[in-house]
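Okay, thanks everyone, let me put this one up on the screen. I'll go through the overall picture and then stop at a handful of residues.

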Amino acid sequence: IKRRWFFSNSGKKLFGAIHFLKSCRGPPGHVHGGAIATILDAVAGTVAFFYSCENNNGILMLTANLDVTYKKSIPLESIVLVEGYVSKTDGKKVYVDCFLKDTTTDQIYASAVGMFL
């Protein structure tokens, strides 16, 4: 997996690109669901961490829950867009939504909602 991502100035939104290499092989010609979930967890966790740095004095954030929804298989060797953002906060809880989508059609391949403490 190769990745390049960036943050908005507020630290609440991450966006970038992911290149799923052949080592991410799952079903024939497609990316393994575990690799997809790993990327979504990394994106959501990174967003929660940077939010914490900006708003909670850098308190360590841990994944309490991550709900992944698979919508369409991702072909191997694909480059997909990734986006993650803080969708809400509730006391010490930080909720992050993120998704992987096609670079040309905006088709969502997978999405996740995470809660971090």
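What follows is a quick walk from the whole chain down to single side chains.

First thing to keep in mind: this is a predicted model. So what's the fold made of? The chain has one helix and six strands, and going from the N terminus the order is β-β-α-β-β-β-β. On overall size, the radius of gyration comes out at 14 Å, and the globule rule gives 13 Å for 117 residues, so the chain is as compact as a globular protein of that length. If you'd rather think in a box, the C-alpha trace spans about 45 × 25 × 20 Å along its principal axes.

Some whole-chain numbers while we're here. Of the 117 residues, 38% count as buried. The chain exposes about 6600 Å², with carbon and sulfur atoms supplying 51% of that area. If you take contacts between residues at least 6 apart in sequence, 60% of them join residues at least 24 apart. And on charge, there are 13 positive and 9 negative side chains, with the centres of the two sets 4 Å apart.

Okay, on to the residues. Let's start with Glu-83, which sits in strand E4, residues 79-90. Which side chain does the Glu-83 side chain make a polar contact with? That's Lys-13, at 3.2 Å. Leaving out residues up to four places away in sequence, Glu-83 also touches Leu-14 and Phe-15, then Val-43, and then Asp-97, Cys-98 and Phe-99. Lys-13 itself is at the start of strand E2, which covers 13-19.

Lys-13 comes up again with Ser-8, so let's go there. Ser-8 is in the loop between strand E1, residues 2-7, and strand E2. Past four places in sequence, Ser-8 touches Lys-13 and Phe-15, and both of those are on the list for Glu-83 too. Is Ser-8 buried or partly exposed? Partly exposed, at 25% relative accessibility; the cut-off for buried is under 20%. For a sense of distance, the C-alpha atoms of Ser-8 and Asn-65 are separated by 24 Å, with their positions 57 residues apart along the chain.

Now the loop between E3 and E4, where I want to show you two residues. One is Lys-72. At 45% relative accessibility, Lys-72 counts as partly exposed. Setting aside its neighbours within four places, Lys-72 is in contact with Gln-107, Ile-108 and Tyr-109. Strand E6 runs 108-116, so if you're looking at the screen, follow Lys-72 across to Ile-108 and you'll find that contact. Going the other way, Lys-72 and Phe-49 are 23 residues apart in sequence and 28 Å apart in space, C-alpha to C-alpha.

The other one in that loop is Glu-77. Here's the backbone point: most residues other than glycine have a negative phi. Glu-77 isn't a glycine, and its phi is positive, about 65 degrees. Glu-77 is partly exposed, with a relative accessible area of 37%.

And where else do we get a positive phi of about 65 degrees on a residue that is not a glycine? At Asp-106, which is in the loop between strand E5, residues 93-102, and strand E6. Asp-106 is partly exposed as well, at 46% relative accessibility.

That's my tour, so over to you for questions.

Notes. Residues are numbered from 1 along each chain as its sequence is written. This is a predicted model: local features need pLDDT of at least 70, side-chain atom pairs count only at pLDDT 80 or more; totals for chains, interfaces and linings use all residues. Side-chain values use heavy atoms; hydrogens and water are left out. Helices (H or I, at least four residues) and strands (E, at least two) are DSSP runs, numbered from the N terminus. The radius of gyration is taken over C-alpha atoms; the globule rule is 2.2 Å times the number of residues to the power 0.38. Buried means under 20% relative accessible area, exposed over 50%, partly exposed in between (1.4 Å probe, protein chains only). Contact means heavy atoms within 4.5 Å. Accessible areas come from the Shrake-Rupley method with a 1.4 Å probe; for residues, only the protein chains shown count as cover. Lys and Arg count as positive and Asp and Glu as negative; His and the chain ends are not counted. The place of a charge is taken as NZ of Lys, CZ of Arg, CG of Asp or CD of Glu. A polar contact is a pair of N or O atoms within 3.5 Å; within protein, one must be able to donate a hydrogen and the other to accept it, and residues adjacent in sequence count only if both atoms are side-chain atoms.
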